[in-house]
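Here's a friendly walk through a protein model, one piece at a time. Keep the picture handy as you read.

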Amino acid sequence: MSALFGGRAAERLRVVGPPVAAAAVALALLSGWTAVGGAGRQRPVEAGPGWVLLPTTGGATATAAFFTVRNPGDIPDELTGASWEFGGRVTLKRHRHQGAAGRWEPAATLPVPERGELVMSPEDADLMIVDPPGLRAGQWVEFTLSFRNSPDLRVRAEVVPPGGRRTG
């Protein structure tokens, strides 16, 4: 009986042994690749100075701020919120184009793709600032940008008049 059982065990080992060994080797190699950072590396997002549109005279109730956020890592991130030195409400906003017309809507998040950028602009996405205080052209203001995977990022933006906008 033991010879018969031993024969079956040897046969089973001969059949399942190679796939199990291959899976174990693959798991060991993938674990090593992950340990040295080959499986994707999270790196904090970066942003340079941005710009804030100077509210027009006559009681503007909102304005917008624009930044270019870069993600040097291999893992996508998302802008989840923002605040600025004056407090008050700052809303993530996305423009939706429908033919020649368009509208804007609040956005819960704005994507920052892996090894890519979120480029805010009046035509796409921005930070809407409700009831801004008196601002003057050339003034610099501070913002804090919050992300899903990266630490908060403190950035500055220059106030620019309409028509004086800058890219990035």
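Take the contacts in the protein chain between residues at least 6 apart in sequence: 70% of them join residues at least 24 apart. Keep in mind that this is a predicted model. Running from the N terminus, the chain goes α-β-β-β-β-β-β-β-β-β-β-β-β, which adds up to one helix and 12 strands. Of the 168 residues in the protein chain, 33% are buried. As for the outside, the chain has an accessible surface of about 10,000 Å², and carbon and sulfur atoms account for 58% of that.

Let's begin with the helix. Helix 1 covers residues 2-35, and Val-15 sits in it. Is Val-15 buried or exposed? Val-15 has a relative accessibility of 52%, so it counts as exposed, the cut-off for that being over 50%. Val-15 also has company: together with Val-16 and Val-20 it makes up a nonpolar patch on the surface. Between them, these three residues offer about 270 Å² of accessible area.

Now for some strands. In general, the strands of a sheet pair through backbone hydrogen bonds, and they can do this in a parallel or an antiparallel way. Here, three strands make an open sheet in the order 1-4-9, with antiparallel pairing. Strand 1 (46-47) and strand 9 (116-119) are at the edges with a single partner strand each, so each has one side without a neighbour in the sheet. Look at where strand 1 meets strand 4 (residues 68-71): two bridges link this antiparallel pair. If you'd like a spot to zoom in on, find Ala-47, which lies opposite Val-69 of strand 4.

Next stop is strand 6, which spans residues 90-98 and holds His-95. His-95 counts as buried because its relative accessibility is 18%, and the cut-off is under 20%. Which residues does His-95 touch, leaving aside those up to four places away in sequence? The list is Arg-103, Trp-104, Ser-121, Pro-122, Glu-123, Asp-124, Ala-125 and Asp-126.

Two of those neighbours deserve another look. The side chain of His-95 comes to 3.2 Å from the backbone oxygen of Pro-122. With Asp-126, the link is side chain to side chain: a polar contact of 3.1 Å joins it to His-95. So much for the tour: go back to the exposed Val-15 and the buried His-95, and try finding both in the picture.

Notes. Residues are numbered from 1 along each chain as its sequence is written. This is a predicted model: local features need pLDDT of at least 70, side-chain atom pairs count only at pLDDT 80 or more; totals for chains, interfaces and linings use all residues. Side-chain values use heavy atoms; hydrogens and water are left out. Patches are made of residues with over 30% relative accessible area and no salt bridge: like charges are joined within 9 Å, nonpolar side chains (Val, Leu, Ile, Met, Phe, Trp, Tyr) within 5 Å. Accessible areas come from the Shrake-Rupley method with a 1.4 Å probe; for residues, only the protein chains shown count as cover. A salt bridge is a side-chain nitrogen of Lys or Arg within 4 Å of a carboxyl oxygen of Asp or Glu. Helices (H or I, at least four residues) and strands (E, at least two) are DSSP runs, numbered from the N terminus. Buried means under 20% relative accessible area, exposed over 50%, partly exposed in between (1.4 Å probe, protein chains only). Two strands pair if DSSP finds at least two bridges between them. A polar contact is a pair of N or O atoms within 3.5 Å; within protein, one must be able to donate a hydrogen and the other to accept it, and residues adjacent in sequence count only if both atoms are side-chain atoms. Contact means heavy atoms within 4.5 Å.
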